[in-house]
Each structure stands twice: as structure tokens, then as C-alpha cells.
Amino acid sequence: MATERRLEYARPESLDELFGLLRAHPDARLLAGGTDLLVRLRKGADLPSMVVDLKRVAEVRHDIARIGGFIRIGARAVITDVVGDKSLRERFPALVEAALVVGSVQIRNRATIAGNICNASPAADTAPALVAYDASVNLIGPEGSRALPLEQFFIGPGRTMLATGEIVASIDLPLPDGRTGSAFGRLTRRHGVDLAIVSLCCVTHDSGTARFGFGAVGPRPFAVNTRWDAPLEDMRGHASPISDLRAGAEYRIAMLPVLTRRTLNTALDRMRHAHTSP
Amino acid sequence: MPIIGSSLSRLGAVERVTGAQQYAADIRLDNALQVKLVSLQCAHARIRAIETAEAARVPGVRGIFTAEDLPQPVPRFGPVVADRPLLAEGETRFSGEPVAVVVADTHDAAAAAARLVRVDFAELPAVLTVASALDPNAPLVQDPAKRARDPLARTNILQQWQFGWGQVDSAKATLVVENDYAFPMVTHFAIEPHAFLAAPDANGVVVWSPTQHPYVLQRVVASALTLPIARVRVIAPDPGGGFGGKGWPKFEPLMAWLALTLNRPVRLVLTLEETFQAARRASARIHARTGFTGEGRIVFQDLEADFLLGAYADIGARVVSKASYSACGPYRAEHARIVARALLSHTTPSTAFRGFGTPQASWAVESQLNEAAAALGIDPVEIRRRNLPEKGEAFNPHDTPADGEWTTALTKAAAAVHWDSPLAPNRGRGISLGLKSSSTASRSIAIVRLHFDGSASVLCGTSDMGQGARTVLVQIAAQELGIEPDRIAIVMGDTSVVPFDSSTSASRSTVFMGNAVIDACASVKAQVRQIVEATPGASRDMPYADLLAAHFGPPRGEVIGIGEAGNRYEPGHPLGGRAAFWELMCAACEVEVDPETGEVTVHTLALASDVGKALNPHQVEAQDEGAAVMGLGHTLMEQLVLGADGRILNLGSLDYRIPSIKDVPLELHSALIENADGPGPYGSKGAGEGGTLAVAAAIGAAVNHAAGVTIRDLPLTPEKIWMARNANRRLGD
Amino acid sequence: MTIVLTVNGSPRTVECKPHHSLLEVLRERLSLTGTKECCDEGECGACTVLLNGRAVDACLVLAVECEGETVQTIEGLAENGRLDPLQQAFVETGAVQCGFCIPGMIVAARYLLSTNPHPSEDEIKEGLAGNLCRCAGYSRIVSAVSLAAERGQGQRQD
């Protein structure tokens, strides 16, 4: 019999409960901030039987904390908290810059960094910064936990290394030794809130290395390791952008050297003015 | 404190800031059924079969209707030509045209059932561009049999016109500038999507719609359902933005039919995506050939304009004829020829949109002037000054003469952007005028009721969609009657209460409804004078309350005045009448273009409007600024993108970008020129459309200068600018 | 499902389905039609409400997520029918035209001032970047927020 749409909602309070639900409902979608999921549900792009809300799972943290040589961002941390966190602002300013362009204040009050990366849009704003900072992602599932470099976590548009029943528990940002500088840059169609046509982040180290993270110019965010004390490599060879509603491939490719140069210069400038980390 | 010219606090503002204001989608009717439309996602299709059985089994569904269920022949409607069926009959003509309609107890049930309606259809080739509309081998959008007696019936030309004067072909010019211009397909994107309700009532049917023209809607619904006008009541809540997109009927006739057929109230709230599919501006390609003397005086304007309408006429032909008629702008020209065509296509029906065709024409004509200025080494301000008519001069031999000191607008706007100061690198300045013909033939009637206690009510059919009509009309009544504004009520938007008004469009309401209100107040005052004469012991300076108490005595009563204003219908005139007044705005700007990325920053945008008299200056400025930002939209970022199948690819707010708060000019100045030389109350004219007319060519000239490019099709996106610069550089290598 | 949440200071019990957004429930079940529906995908801000004191797009929140939470809508701002300084400022500066974007705009501004009582013009624009308006040039909206800030809106407790 034809019926109205059926969607169940569960709000587990422990990881065990969560894993049990995911096992029983393999097509369930995880809900944290909901800013991507609800749009897909509404448009009918996703018609799962169940939505599992992560926000009460005790073991999934919402804070941002220093753990040894890392700053760990809990999977439930919303972007507003990332933007406001003192340690992130000091040590990972380009991530904060990237986070600030994710949607609007309303979106940032709900969206999580973890959700942003799990959604795996090639144009996800925080991904280039996380990748440039060499972030790793901590996954947890019924079989246990594992860590992956973030660059390996992305497979393609909308696809990640998450196994069925697995969730992101946290994202780790390694604190660098020595003096670094970083900058985030992107291009959009209008000055207001928009998806990126090209986005990138550059992290320079006073040892001479420069690591770039790129977004929206390939099926997934990716990193390029190079040196800033040598002639700048042409990044266009690394990118494979598509032409879509937002921009043509030719324009995207052409903007790479421009934005690369600009973010590199800003990163170097910041590095020169930075203090060495303790 | 004088009421006229004071920025009296907007009536309705308090309700809006508290969330109390009731828009159409906020109205709750007892017992209402929810409606959902079913449409195909391609532009042109033959419908083979519609399967509704499975959908009908969704609990709560009360009916699913297709064209077969409607009265036969299927009722058609339209404000000028009744060409549009209530539901697609055999064939769909645009993506979003409903083929079926579901009615259910709840929105969830209606939506679920709508998803289950199966349409067996064959996609057909679609006409989506000006070129294909003009192609004699292209499929016909409309059935020639339904365009009987129309010599153009076997084409996709809905209508064509030729206007002009003099002898263009033998005119001699030192410089001829000839170019093609393109104006994009854009949509209104009012923040309120469309919503409609209908219910049977004792007299016939009531329709709720945020329509800008309640009386147009009334007659179109009545005609579609073959009901007498007297039995159709339209209730028009204040629109949450109209801009022309809520002017002309869309799904109301269908809703009225459903209400009568089901004998229940029905409610339809469109999504934003459905709203995009329901209304848009006509896009245009204009071939402009302009001849100048060596001093920059216009010898001739030779324009060929093709406007791409949608699948049904709506008010599209009028948009083209009106805009073409005054396409030459506020300039003298010895000779002029304007050939214009309104073309049908398998797209969303184009309708009225702020500027009504003139933004498209201005983009071309003003850009021509800017180019001529550059070629002749004449300042763009100066070239316009040399061509502007004097006040009272007939610049278009067949129409209303210039009715303002238009040079003032030019001077003010130029000064506000420091026109003559040196420019920093990567920057450019531009200037443009924009001229729009207001109302031609129209009529407004107002009723003013002076109550027993000396308070008053104004009843009128104007729609307040944000421009502040309520406030201004109350100000006028307050001034005329000598009553405090807070003792005057204003009633709008109910055809069973307020008298006839042609429309709220063409920037006409301050002038025409304003004059009607003055006329009604004059009638009240005349009756009051008679009462004074007839009442022993009465005097002219008695408060109304005392006078009326003395006159009416215990049974009480009221004094009613009816006022009317309009401009005469002239059967011989191509537009049915001459412009009641001209709306003129000048826009000047300074922009910066990032040479490496093409990104545009508008540093300064200055506007100067010739308004006659600003009855409420804040409201006029707010409208001018809003129009200018809307103009920035079609200039820099807005464009509906169609797929090969005619679907709108950027349907919705994610990929159809309108200016946000971060996209406004860093400085925005607006000046109002008030010479009390308009035909409206206290010398006022209309305003509110100018920004959409003048911004594009000003920004275009500035961008082209700053970036070293020549782009003649809007919008000027960073990518387009970059591509043009890059093409130049490659050529230069 | 039945959920209990606090709306504008009062506990409310609501029947809804899991797929219903907070926006739908506010408008259809609680008859709080002050919060508007426009894009339904978090791009326009017309549906902005405060959820536990933070501005969010109600169309992107499932109603069921709000079990036990606190929601404040435009209807909850005026105390005892008196306009708060933001509402007053919007009226005074002429920031209101058609008004459809205004409830979302005011709630977003309220949130901005609660976190930043004296914002610069750029900060105001950042704070309202998620609220679209089609009528205005936005400038009077910015003025209204500045004016309200001057008058101490940000010091009020939510």
C-alpha cells in the first residue's frame, strides 16, 4: 500500500547503542549538524529508513582539546566553536579562516567539521586547510578504532574511507615544531556566502617546506608538498577540475597559480612575523 | 510638523518586526485541503498517459486531477490572451507546467501522492533561445489553431512592432557604433514564494493571493471559470516582495476551480524552486546601431530587439511594446527605428519584472553612448548632457515631452562618485541614465470615509509589497483632511471592500491612487462644507466630531467621498496612451576589478532620481537602493541556466545567486531631485524602478574600463571578465 | 512522535513525524507563523530562530532533535508587547520594506549582538551574511543593528 514517507529517528546515548542501530539499519544516515543531510533528505537525494542522531553519544566529544602533540577536535564540535577556539586561532589560523567561510553563522552554529569532511564534497571548505595542516582522522567502529591521514580519508565526491558502521570520533591536528605560517584562500562567484570555485591552504615552515591543500579542483581534496625556497612549482599539473554550474575548468585551472602565489606570500609573511612555538 | 515630505514611520512595520504580519502562507482556513502540483522536468513533452491509481491510495488523498477532469474544452486564462490551460493538455510547454494536481488532507500526504503520480511522456525538441525561436524550422510553441486570425500563427513570434520617426536609412552620421547586447534570463526571487488559497463562499468563490493587482486577478479568474465578476472575491495579503512576479495570475484559476469542485477550502504553497519555474524576466538580444555627429549628438538610433518570452503570453507582449516604444531613452534623436519582437519559447512564462523591459533596452542604448564617448574622446557625462532634452521638449515626437530637469540627475550622480578625480589602477567609472514610461491608460478609484468621531478610513486597491503605499496614502489623506495619521485606517487588498484599481505597477500608485485619494478627500470636504452651511451654529473650524454630532444627531452617520484618477485611453496610440510621467534615474559608479581573477568590487554607487516630490523620503530612498542592488544582481551575478532539455539547472538559492549583504557597494548614495513637476500629489512622480534601469550600463562601462575588456552580455561574472582579458592577452601576444 | 520543548519561554508538547523540520512544526503545529519559509535549504535565513541561544536555520533542524531544547522565535522577542531595541531600530531606520526577511534578520541580529555587543559594520555584515533580502539595499538594516547596539541591545539577557 502506498504510504507517506517513513523515516525513523534514533538518538543513542552510547557508542554501543549507536553501533547496534547502525548494524540493524545499514542504510541509516548519521546526523550531527544536519546542514548537509537535511538538504539531501528534503530533495529526495537520500531516502534512508533511519536517521541516527550523534549528539547525545557520550563518547563522541564536542570539545577541542590539547592531547600531547595534537589538538584534537571532537566530532561533535560545531564550526562556531572551532572559530572561537583560542588554541586553534593561534596555532592553526588558516583552519579558522576556512571555517569562517563555511556558509553563514546559522550554518556554522550547527555544522561540524567532522560532518564537513564526511560529506566529502570536493569543494568542502575546511578540507584544504585540514589537509595542509596534515590532519588525521580518528575512526571508531564496532571492531575498534583506527587513524588515517586525512588526505587518504577522501576517496571521491561524497565518498570516504568510512566502513559501514564506523564513525569519525575526532580529528587530530599535529602541533608543528619550529616557526610556521599559514593562509587560506578561495575564489567564489560573489562576495557573499558561496561555494568555492577554487580553495586552497598553504602552510610554510621555516625549514623551507610549503604544503598546500587544494579543494574544488579535483574529485577530492589533495595535498602537494613543495618548497618555498625554490621556484614555485606549477600546481596545474596536480589538478583535474571539472566545468560545472559554478565555473569552467579553464578558469579554475588558471586561478590556481594566482591563488597559490597569493596564499604562499601571505603564509610566508605570517611566518616571518610569528614566534617560535614552545 | 508637515506630513508630506516627512519620513513618517512605515505603516505595517511593527507587525513585520514582531512576526505578526500575515502573509498568504500564514493564513489558516478551517477545513482546508493541501494542494501539490505535479510537473515534468523537461521543457516540452507529449503526454501519453497519466497513472494516478497508486497515488490515489495514499491515505488522506481527496482527489487527483488532470486536464481530463476539467471542464471541456479545458479552461484557459491569461491577462491579455487566454492562452494558458489550467493544467497541461496533451502537451507540456515548459519545465514546471503542471500536468496534474493532488489534493489531500495534509501536506505530507499530498507530497507523497504527487511523487507517486506516473506520467508516461515523450520528450520533444524544445525552443530555448532567440535563435531557435526565430528558426522557421523550429517546432511551434503554441498551437496555430489557437492563434486563429493571427498572421504570425505559424511562427514563434507572438507579436512584433516597429516604432520610430524620421528616415534612419538616409541619415548621415560621422560615427556609427554597431553592437549586439544580451540581457540574461533572471527571476524575481522575492523572499516570499508564491502561496494561494481558495474557498467557496456564499457568493461564489474567494481567492487569496499575494497579487499586486487584485482586480486583474478577479477578472481573469471570473473569465476562466465563466463566473460573473461579482461572484469572485480576491483577498490580497501584502506580498512579501512582488517586483512584478506576483502581478499576473498563475495558479489561482486552478485553485478556484478546485475549491468549487471539492466544495472545500484549498491551499497551495509553492517551494522556492516552483516559484522560479513560475515567473521570470524576458531575456533579450538587442542589435543596436547608433549614429553620432562628431560632437556626440545622436543622429539616429536603429534598434532591433528580440525578447524571449516563455510558453504563454502572460503580459509579455506589453513588456516588449512598452520598452521598445521608449527604448531610445531620454535623448533627442533626429531619426529612430525600433523593430521589436516578442518570441515564444518552451520556458517559464516571462512576466512583468521591475523595469518592464526597459532594463534590457537601457543596457544596450546606454552602453552605445558610453562606447561612442570613448571613440569620440568625449566625457560620458558630457555626451549625455549634449543629448538630453530640455524640460518640456518632445524628445519622442509621439509621446509625452520631457517632464524634468534631467541634467540635474546627471550632475548629482557624477559628483557623488567624484567623477573628475584621478582613478587608481584597476579601477573604472561609469555612468548611465535610465528612463521608464509610467502608466499609460489606467484607472484608480479610492473611497474615503469620514467617521462620526472624526477619524477616517481610506479604501483602495493598491498593493503594499514593501514600497510603503499604505503609509504614503495615509499621509495624503492626513494632509488633505487635517486628521492625524494615527486616526486614519487604510484598507487594501479585498475586492469586496475596496473599489477598482487597474494595478500596482509602472510606479503609478503614488500618482494615480494618490490623486484618487485627494479627489475622494475633496469630495468629503465639499460635503462637510455643505453640512456646515446646513447646520445651525456650525462653523468651518469646528472639529469634525462636533460637526458630525450636531449634524447627524443620535442616529449618527458618516460622510463618504469617492475619488477617481487615471489617464485616458487613446485608441490610436500604440500603447493605448501616452506616458503620464517619465521616471528617470542616473546611476554612476566606481569599481575595481582584480586583474588576475576578474573579481569585481563596487566601491561607490551613486543614484539620483527625478521624483517630483518625495512624499516619504526614507521610503523613496529605500526603494531606489533596493532597485539598485537588484540591478547589481542582473549585472554581476544572476542568470538562469537552462539544460539542453530545458530544465533550469540552477533552480533554487544554492546556485542562483542574488546580492547578499556582503555584495552591496562599499558606498551607496542616493539623491532625490524634487522640483514638484510631477502630475501626482504635491507635484510627485513615481519611483522605485530606476535602479534596475541604470545600474547595468554604468557598472558595465566601469568594469570594461577597469579590466580593459569589452563585454556586452550580462552578467559580468569574474570568469567572464577573466576570459575576456585572457582572450585579449592571447591576441596581443 | 511526541516531543516536549521550550518555545518562547513556555514548555510545549508537539506531535510530529521524524522528517518534519523545526520550521514546519513551529509554523504548522504551534501556529507560530512569524518564522518564514523560503528556500528550505539553509541559504536564505528567512527561517532563523534561536536554538539554545544560537541562531540556526530552522529548516535544517529536525523537530525531533529539539526534544528538551529551548527555541526562541521572533514572536518571543517583544516583552509584554513592547518592542525590543532591535525591533524598534528596524522600524526607525526604515529597514523594513516587504518585511518577509525581517523576522529572520532580527533574530540573526539578536544573536550577533548577544555575542558581540558593539560590532563594526563589517562584523554586522558577517553576522547577517546568511540572511537574504530582495527589497532593500541592506544599508538600513546595517544601520538598524548599529543603532540597536548603541542603545544597549546586546546587554539584554536572552
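**Domain and chain contacts in a three-chain model**

Me: How many salt bridges does the rule find across the interface of domain 1 of chain B and domain 3 of chain B?

Reply: The rule wants a side-chain nitrogen of Lys or Arg within 4 Å of a carboxyl oxygen of Asp or Glu. One such pair is B:R233 with B:D494, whose closest N and O atoms are 2.6 Å apart. Across the interface of domain 1 of chain B and domain 3 of chain B, the rule finds a count of 2.

Me: Before we go on, what kind of model is this?

Reply: Residues are numbered from 1 along each chain as its sequence is written, chains are lettered from A and ligands numbered from 1 in the order in which they are written, and side-chain values use heavy atoms, with hydrogens and water left out. Local features need pLDDT of at least 70, side-chain atom pairs count only at pLDDT 80 or more, and totals for chains, interfaces and linings use all residues, since this is a predicted model.

Me: Fine. Which residues make up domain 3 of chain B?

Reply: The bounds come from an automatic or database domain assignment. Domain 1 of chain B takes 25-124 + 194-269 and domain 2 takes 359-438 + 581-732, which leaves domain 3 with 442-567.

Me: And which three residues supply the most of the area that domain 1 of chain B buries against domain 3 of chain B?

Reply: The C-alpha centres of these two domains of chain B are 37 Å apart, and 17 residues on each side are in contact (heavy atoms within 4.5 Å). They bury about 1,300 Å², with carbon and sulfur atoms giving 49%; that's accessible area (1.4 Å probe) lost when the two parts are put together, summed over both. On the domain 1 side, 45% of the buried area comes from B:Q212, B:Y215 and B:D238.

Me: Which elements give two or more residues to the side of domain 1 of chain B that touches domain 3 of chain B?

Reply: Between domain 1 and domain 3 of chain B there are 9 residue pairs in polar contact, both residues at pLDDT 80 or more. A polar contact is a pair of N or O atoms within 3.5 Å; within protein, one must be able to donate a hydrogen and the other to accept it, and residues adjacent in sequence count only if both atoms are side-chain atoms. Elements are DSSP runs numbered from the N terminus, helices being H or I of at least four residues and strands E of at least two. Those that give two or more residues to the domain 1 side are, in chain B, α5 (214-224) and β13 (232-235).

Me: Now the chains: how many salt bridges does the rule find across the interface of chain B and chain C?

Reply: The contact takes 51 residues from chain B and 46 from chain C. About 4,000 Å² is buried between chain B and chain C, with carbon and sulfur atoms giving 54%. One salt bridge is B:R657 with C:E43, where the closest N and O atoms are 3.2 Å apart. For the interface of chain B and chain C the rule's count is 9.

Me: Which element gives the most to the side of chain B that touches chain C?

Reply: Chain B and chain C share 25 residue pairs in polar contact, both at pLDDT 80 or more. On the chain B side, α1 (13-18), α7 (272-278) and α15 (617-637) are the elements that give two or more residues. With 8 residues, the one that gives the most is α15(B).

Me: Which element of chain C gives the most to the side that touches chain A?

Reply: Here 31 residues of chain C are in contact with 31 of chain A, and the two chains bury about 2,400 Å² between them. The rule finds 6 salt bridges across the interface of chain C and chain A, including A:R56 with C:E69 at 3.3 Å between the closest N and O atoms. At least two residues each come from β3 (48-51), β4 (54-57), α3 (102-115) and α4 (121-127) of chain C. With 4 residues, the top contributor is β4(C).

Me: Last one: what ipTM does the predictor give the complex?

Reply: Going by pLDDT, the predictor's confidence in each residue from 0 to 100, chain C has a mean of 95 and chain A averages 93. In each of those two chains 97% of the residues reach 70 or more. For the complex the pTM is 0.97, and the ipTM is 0.97.
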